[in-house]
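Welcome! Let's get to know this structure together through a few questions and answers.

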Amino acid sequence: MSVTDRRAALTDATGCGAELFAQVDASAFDAEAAADLSENVFGVFSLPLGAATNFTINGTDVLVPMATEEASVIAAASNAARMARPQGGFSTSSTRPLMQAQIQLINIADPHAARTRILERQSEIIDLANAVDPKLVEVGGGVTDLEVRLVEARSTTYVLVHLLVDVRDAMGANAVNTMAEAVSSAVAAIAEGDALLRILTNKADRRLARARAVFDKELLGGEEVVDNILHAYELAAADPYRAATHNKGIMNGVSAVVLATGNDTRAVEAGAHSHAVVDGRYSSLSRFEKNAAGDLVGTLEMPMPVGLVGGATKVHPAARAGLRIAEVTTAQDLGEIIVAVGLAQNLAALRVLATEGVQRGHMSLHAKNLAASVGASAEEAEIIVDRLIEEKAFRFDRAESLLAELRSGGAR
Ligand code: MEV
């Protein structure tokens with residue numbers, strides 16, 4: 001489809017019209033608007049924004065906005081989602097949106113006693129923290145619990161106070177950091193020490209989203225493909241070198257949706273990789289099994305600190321458009337869509353790796369990029385791409401010479 005045809009199809013599917021497309025045009029977010037989000041701004045950096053198709057999530061069809069510079073990612077996610085459709089698509093769930101702030105206490109003479117002194121006064125500390133964000137409490141959020149951990153470091157034992165905060169539809173960093181700063185001197189006084197760091201943890205392991213899908217064995221390519229995908233998964237589960245790449249494949253999908261909705265990609269990435277460490281060893285974030293019918297069952301659970309309010313989510317017009325396309329109304333819904341895309345992306349990568357390898361698909365897209373970069377028209381590009389693939393010559397200079405030949409009447 002052309003971009004125009006895709007816009008027409010999106011309008012049919014979502015009812016979103018011209019005003020939505022104005023939000024995703026490069027001019028919608030100019031340097032003046034961007035300057036409110038960052039510093040020393042002199043321009044805007046644009047990326048392709050596409051919609052992944054075929055996703056059924058908890059029985060509802062969803063078009064998923066994805067911003068990525070990497071070829072094949074959106075196509076691969078859509079293709080994997082297609083293979084989950086016969087078995088009902090993706091089933092998702094999530095915990096309450098609980099973020100945690102850490103307060104590091106230093107110079108404590110009696111860490112164990114300090115811990116119990118803090119716990120004795122926990123409701124007082126919780127009330128103090130909630131008082132700084134009455135709006136959050138009003139909408140059903142706020143501090144739900146307080147925990148104290150002792151961390152043995154090289155030179156001393158640190159007392160760490162964790163505030164567990166239900167941040168509702170926010171990503172929550174600002175909310176929890178403000179609370180941690182607000183209560184830190186009271187907490188330090190109770191501990192009879194000093195407060196140093198007061199900051200959220202990106203190991204957001206109380207704010208998890210999960211996805212599960214059954215991928216049809218016939219659509220995957222048969223029993224042998226299923227078994228080879230399982231070998232690919234088992235290697236990632238056993239070997240950190242493979243796990244890093246396996247999880248990168250998951251994040252290709254996850255980060256693209258996180259970015260397209262104006263959320264903090266680094267927060268989600270930090271959470272994901274910290275969650276991939278099990279008993280001190282870095283491993284696969286996802287799991288794959290074969291069910292009794294021989295189909296492939298994939299599951300993925302990961303921290304999901306994303307929001308719908310605040311920051312770029314509210315300010316960036318394309319992020320608002322992304323949220324409209326996905327038709328999400330809560331941060332939890334968004335997180336569940338993201339984790340479903342991560343699972344689809346992972347399955348797509350494993351399938352291609354366990355069958356033909358990634359290079360064939362990558363190279364034809366690379367040929368397309370080469371044709372575009374030498375300035376070929378759509379018609380010329382088609383011919384050039386075919387020739388580059390035929391000759392296995394994925395080089396700029398060859399694309400250039402083919403274009404020259406074409407324009408002088410040759411190369412057909
Ligand atoms: C490339 O961006 C992602 C893959 O390397 C993921 C994987 O190896 O599982 C294909």
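Q: Which strands does helix α8 lie across?
A: This is a predicted model, so a fitted direction here describes the prediction. Helix α8 covers residues 173-191 and runs at about 35 degrees to β4. The strands that α8 lies across are β4, β5, β6 and β7.

Q: In what order do the four strands of the open sheet sit?
A: Start from the outside: β5 (142-152) and β7 (194-200) are the edge strands, as each pairs on one side only. On the inside, β4 (residues 98-106) and β6 (residues 157-166) pair in the antiparallel sense over eight bridges. Put together, the order is β5-β6-β4-β7.

Q: Which residue in β6 stands opposite L98?
A: Strand β4 spans residues 98-106, and its partner here is β6, residues 157-166. The residue opposite L98 is D166.

Q: What angle does the direction of helix α5 make with that of β5?
A: Helix α5 (residues 111-120) packs on the sheet, where α5 touches β4, β5 and β6. Its direction and that of β5 make an angle of about 175 degrees.

Q: Which helix gives the largest share of the largest nonpolar core?
A: That core has 60 residues, and F55, M66, F90, F215 and M302 touch the most other members. Among the residues that M302 touches are L208, I250, V254 and V339. The largest share, 12 residues, comes from helix α15.

Q: How many residues does the second, separate core have?
A: Its members include I125, L146, V148 and A191. The number of residues in this second core is 32.

How values were computed: Residues numbered from 1 in each chain as written. Predicted model: local features only at pLDDT ≥ 70, side-chain atom pairs only at ≥ 80, totals over all residues. Heavy atoms only, no water. Pairing = 2+ DSSP bridges. Helix = DSSP H or I, 4+ residues; strand = E, 2+ residues; numbered from the N terminus. Contact = heavy atoms within 4.5 Å. Axes fitted to C-alpha atoms, helices over the stretch in contact; angles between N-to-C directions. Core = buried A, V, L, I, M, F, W, Y, C linked by side-chain atoms within 4.5 Å. Buried < 20%, exposed > 50% of the residue type's maximum accessible area, 1.4 Å probe, protein only. Lists of a residue's contacts leave out its neighbours within four places in sequence.
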